[in-house]
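The exercises below invite the reader to examine a structure step by step. Please study the sequence and the model before reading each solution.

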Amino acid sequence: MRLANLGGRLVLVDGSRALDVATASEGRFGPHPLDAYRDWDAFVEWASAADVSSGNPYGSNDLGCPVPDPSQVFGIGLNYADHAAEAGMPLPDSPMVFTKFASCLTGPTGEIPLVPGKVDWEAELVVVIGRGGRGISVEDALDHVAGLTVGQDVSERALQTAGANAQFNLGKSHDRFGPIGPVVVTLDELADPHDLAIGCSLDDQTVQDSRTSQMVFGIAELVSYLSRVVELRGGDVIFTGTPPGVGVGRSPQRFVVDGEVLTTWIEGIGEMRHRFVAPAR
Ligand code: ZN
């Protein structure tokens, strides 16, 4: 199943049709997009019997952030073997965790304000938690995942790396620096989440092109690892790291300029498209 946000309301989508969940469930679930994750198991039971083909046609440009205002947003650094090699860094022994503040999340299309500095791109597979919990074992972890979506961990490198202790959290949390979407796809729709093409382009020049098979810590390991420290809650979002080809790792380095269009995709999930716009002076 595919979950999305249409005009601020939770919908199930299939092809070009969207079924409004609150209407179809007679108020049991929705209308807020996060409501799907409050009682994930009950929602799945209801949604698997829903007739999405009875929904209404919709335009993909009308989809908003599929998981707005989650309680927690995690980011994982250096989680692709080929990206760690590009960065000249050894593979981490355990996941390197930071946060993107939830207020930076935005939808799969639209404009992103271009801030001063070194604005960079990071195409990422994003995990959405369904059933929450603490101390989740690796074996059980996928049962706690609602689905996957496409993300961009947009990063301003000057602030990210400023000072003796890097400021990952702030440098990655500017307004709209966390686009996700267009849909959350449940795991049963993907043959192997760890073998999907992932990439992005700037103005139609491909800058990242890899596969999720390069991930160092897989989805189950990340969910289990995080849950041993923090309680995971339905709707929590995990950006799982980026493959090579980021601007800071290129030679010469290259960063986003005013007006450029960033297109981000993952095989079997979908595509996002954003234009960077510098504020008028
Ligand atoms: Zn990242």
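The following exercises treat the overall fold, one strand, the metal site, the pockets and the backbone.

This is a predicted model, in which local features need pLDDT of at least 70 and side-chain atom pairs count only at pLDDT 80 or more, while totals for chains, interfaces and linings use all residues. Residues are numbered from 1 along each chain as its sequence is written, and side-chain values use heavy atoms, with hydrogens and water left out.

**Exercise 1. The chain as a whole**

Describe the secondary structure and the dimensions of the chain.

Solution. Begin with the secondary structure: the chain has six helices and 19 strands. Here helices (H or I, at least four residues) and strands (E, at least two) are DSSP runs, numbered from the N terminus. Next, consider the radius of gyration, which is 18 Å and close to the 19 Å that the globule rule gives for 281 residues, so the chain is as compact as a globular protein of that length. This radius is taken over C-alpha atoms, and the globule rule is 2.2 Å times the number of residues to the power 0.38. Along the principal axes, the C-alpha trace spans about 55 × 45 × 30 Å. Finally, 54% of the 281 residues are buried. Buried means under 20% relative accessible area, exposed over 50%, and partly exposed in between (1.4 Å probe, protein chains only).

**Exercise 2. Strand S14 and its partners**

Determine which strands pair with S14, and in which sense.

Solution. Two strands pair if DSSP finds at least two bridges between them.
- Step 1: strand S1 (residues 2-6) runs antiparallel to S14 and is joined to it by two bridges; leucine 3 stands opposite valine 184.
- Step 2: strand S8 (residues 105-106) runs parallel to S14, again with two bridges; threonine 106 has proline 179 as its bridge partner there.
- Step 3: S12 pairs with S14 in the antiparallel sense over three bridges, and valine 150 is the bridge partner of glycine 181.
- Step 4: eight of the eight residues of S14 (residues 178-185) are buried, so this strand is largely enclosed by the rest of the structure.

**Exercise 3. The zinc site**

Which residues are the protein donors of the zinc ion, and how are they spaced in sequence?

Solution. First, identify the donors: Glu122 (OE), Glu124 (OE) and Asp153 (OD) lie 1.9 to 2.1 Å from the zinc ion. Donors are N, O and S atoms within 2.8 Å of the metal (3.2 Å for Na, K and Ca); water is not among the atoms, so sites may look incomplete. Secondly, read the spacing, which is E-x1-E-x28-D. Thirdly, place two of the donors: glutamate 124 lies in strand S11 (residues 123-129) and aspartate 153 in the loop between strand S12 (145-152) and strand S13 (155-156), so the pair ties together parts that are 29 residues apart in sequence. Lastly, check their accessibility: glutamate 124 is buried at 1% relative accessible area, and aspartate 153 is also buried, at 0%.

**Exercise 4. Two pockets**

Give the volume and the lining of the largest pocket and of the second largest pocket.

Solution. On a 1 Å grid over the protein atoms alone, a pocket is an open set of points where a 1.4 Å probe fits, with protein on both sides within 12 Å along at least five of seven lines; lining residues have an atom within 4 Å of a point. Grid points are joined across faces, edges and corners, and a volume is the space filled by probe spheres set on the points.

The largest pocket holds about 390 Å³ of space. Of its 24 lining residues, the closest to its centre are His83, Arg157, Gln160, Phe168 and Val248. By class, this lining has 10 nonpolar, eight polar and six charged residues. Ala, Val, Leu, Ile, Met, Phe, Trp, Tyr, Cys and Pro count as nonpolar, Asp, Glu, Lys and Arg as charged, and the others, Gly among them, as polar.

The second largest pocket has a volume of about 160 Å³. Its lining divides into seven nonpolar residues, one polar and one charged, and includes Leu114, Val256 and Arg281.

**Exercise 5. Backbone geometry**

Locate the cis peptide bonds before proline 31 and proline 182.

Solution. The bond from glycine 30 to proline 31 is cis, with omega near 5 degrees, and proline 31 is in the loop between helix H1 (21-24) and helix H2 (40-47). A cis bond also joins glycine 181 and proline 182, with omega about 0 degrees; proline 182 lies in strand S14.
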